[in-house]
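Let's take a walk through this one by way of its aromatic rings. Have the model open and follow along.

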Amino acid sequence: MTDAKEKVALSPAETDEALHRFLDGFASPPRSPVFHSPSEHGLEYEDVTFLATDGVPLDAWFIPAPGSNKVIIANHPLGFSRSGIPTQFDPWHAAWAPSGNGFEVDLVPDYKILHDHGYNVLTYDLRNHGLSSAANGGVVTHGFTEKRDVVGSLHYIRARPDTQDMIIGLFSRCFGGVSTLAAMARFPEEFDGVRCLVTCQPITPRYIAERRLAVLGMSDRLDDFNTLLRLRTSVGLEQRVPQEWAKSVRMPTFIYQVHDDILTEPEDVQAMYDNIPVAEKKLQWIEGTKARWDGYLEFQRRPEPMLGWFDKYMS
C-alpha cells in the first residue's frame, strides 16, 4: 500500500512544465511595485529619470541632504524595486514563502538612515524593474545588460549641477551588486574617483539555479535549464560570472551575507571576496537565520558597520 504522504514522482511532461515555470521566474520575474515612498519617513525627495548608457529610461528618487557634499547611489535585489518587495502579497508570497522569505522587505528605511547620517541618496529601479522601462525583451541578464544602468547612474550624478562635484559611494544589493561588479569589469574607467562599495549578498546565478533545481527534484536538468535560458535571453549561466567580475574591483569593498542562506552557498560570496584584489575589504556574515530577506534588512537593523565603512572612505 502506498503511503498517502509519499511524494509522487512527476511525469516527464510535468517535469518539463516545472522547468519552464522556473525559467519564467528566473528570466522575467514579476515586477515589484514602488510600494513605499520617502515621504512616509518625512523625507523630501525628487522623482527623477535618467538614461542608461544604451538609452533605457530609468526611474529614481533623489533624496537631498542639505549641506552635504556626499552621495550614495543605491540599487536593489532581483525582483525588487527601489522601495523593496511586498512579499506579504501574492504572487511574491507564493514564490518566496516556501524558502522562508515570505515577509516584506521595505528598503525605504535604509535611505532614511543614510540621509540622517549626512548622505544625499540616489536610488533607482534597474531596467525591467519597478517603474523603469522595459528593455532587452523584458529579460533579466544578471549584469550582462544591467551594467549599463549602473554606469548611467554615475553619469547622472556627475551631470547634475548640484551633485557633479560630490564624493560618491555605492550601495549595491544582490542583483544590483552583481550588476555593479559587471560594470566595473566592462567599464573600469567609469569608477575612477568612486570612493567605496558596500554590497549586500551578491550572488552567482548558477548557484540559484542549482539550489532551486535540487528542490524541484531536477538536479540533473541544469544543462537543459541553461539551454532554455540561452534560448530565452541569449545569455547563459556561463556569461553571468560575478566571481570573475570581482577581480576588477579597485575600491574599498564591504560585503555582507546571510551565512546559511537557503538559496545559495557561502562559498560563492567567499570566492567573490577572495577575488577582490584590494587590501581594503571586509566580509561580514549574518548568523542565526536561513532567510535571505534578513540579509536585505540587516542595514536598517544594524547599520553601524556599513555606515562606518562609508564614513571611513568618504571623509
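How many aromatic pairs does a search of the whole structure find? The search turns up 18, and keep in mind that we're looking at a predicted model.

Start with F26 and F225. Their ring centres are 5.1 Å apart and the planes meet at 90°, so this pair is edge-to-face; the cut-off for that label is over 60 degrees. The two residues come from distant parts of the chain: F26 belongs to helix 1 (residues 12-27) and F225 to helix 7 (residues 222-233), with their positions 199 residues apart. Are these two rings buried or exposed? F26 is buried, at 4% relative accessible area, and F225 is buried too, at 0%.

Now swing over to F35 and F89, another edge-to-face pair, with 6.0 Å from centre to centre and 75° between the planes. This one also ties together distant stretches of chain, 54 residues apart. F35 sits in the loop between helix 1 and strand 1 (46-51), while F89 is in the loop between strand 4 (84-85) and helix 2 (92-96). As for accessibility, F35 is partly exposed at 41%, and F89 is likewise partly exposed at 41%.

Rings can also join up beyond a single pair. Look for F80, W96, W293 and Y296, which ring pairs link into a cluster.

Finally, check where charges meet rings. R82 places its charged end over the ring of W61, 4.8 Å from the centre. Over at Y273, K281 lies over the ring face, 4.6 Å from the ring centre.

Technical notes:
Residues are numbered from 1 along each chain as its sequence is written. This is a predicted model: local features need pLDDT of at least 70, side-chain atom pairs count only at pLDDT 80 or more; totals for chains, interfaces and linings use all residues. Side-chain values use heavy atoms; hydrogens and water are left out. Rings of Phe, Tyr and Trp (its six-membered ring) pair if their centres lie within 6.5 Å; planes under 30 degrees apart count as stacked, over 60 as edge-to-face and the rest as tilted. Helices (H or I, at least four residues) and strands (E, at least two) are DSSP runs, numbered from the N terminus. Buried means under 20% relative accessible area, exposed over 50%, partly exposed in between (1.4 Å probe, protein chains only). A charge sits over a ring if NZ of Lys or CZ of Arg is within 6 Å of the ring centre and within 35 degrees of the ring normal.
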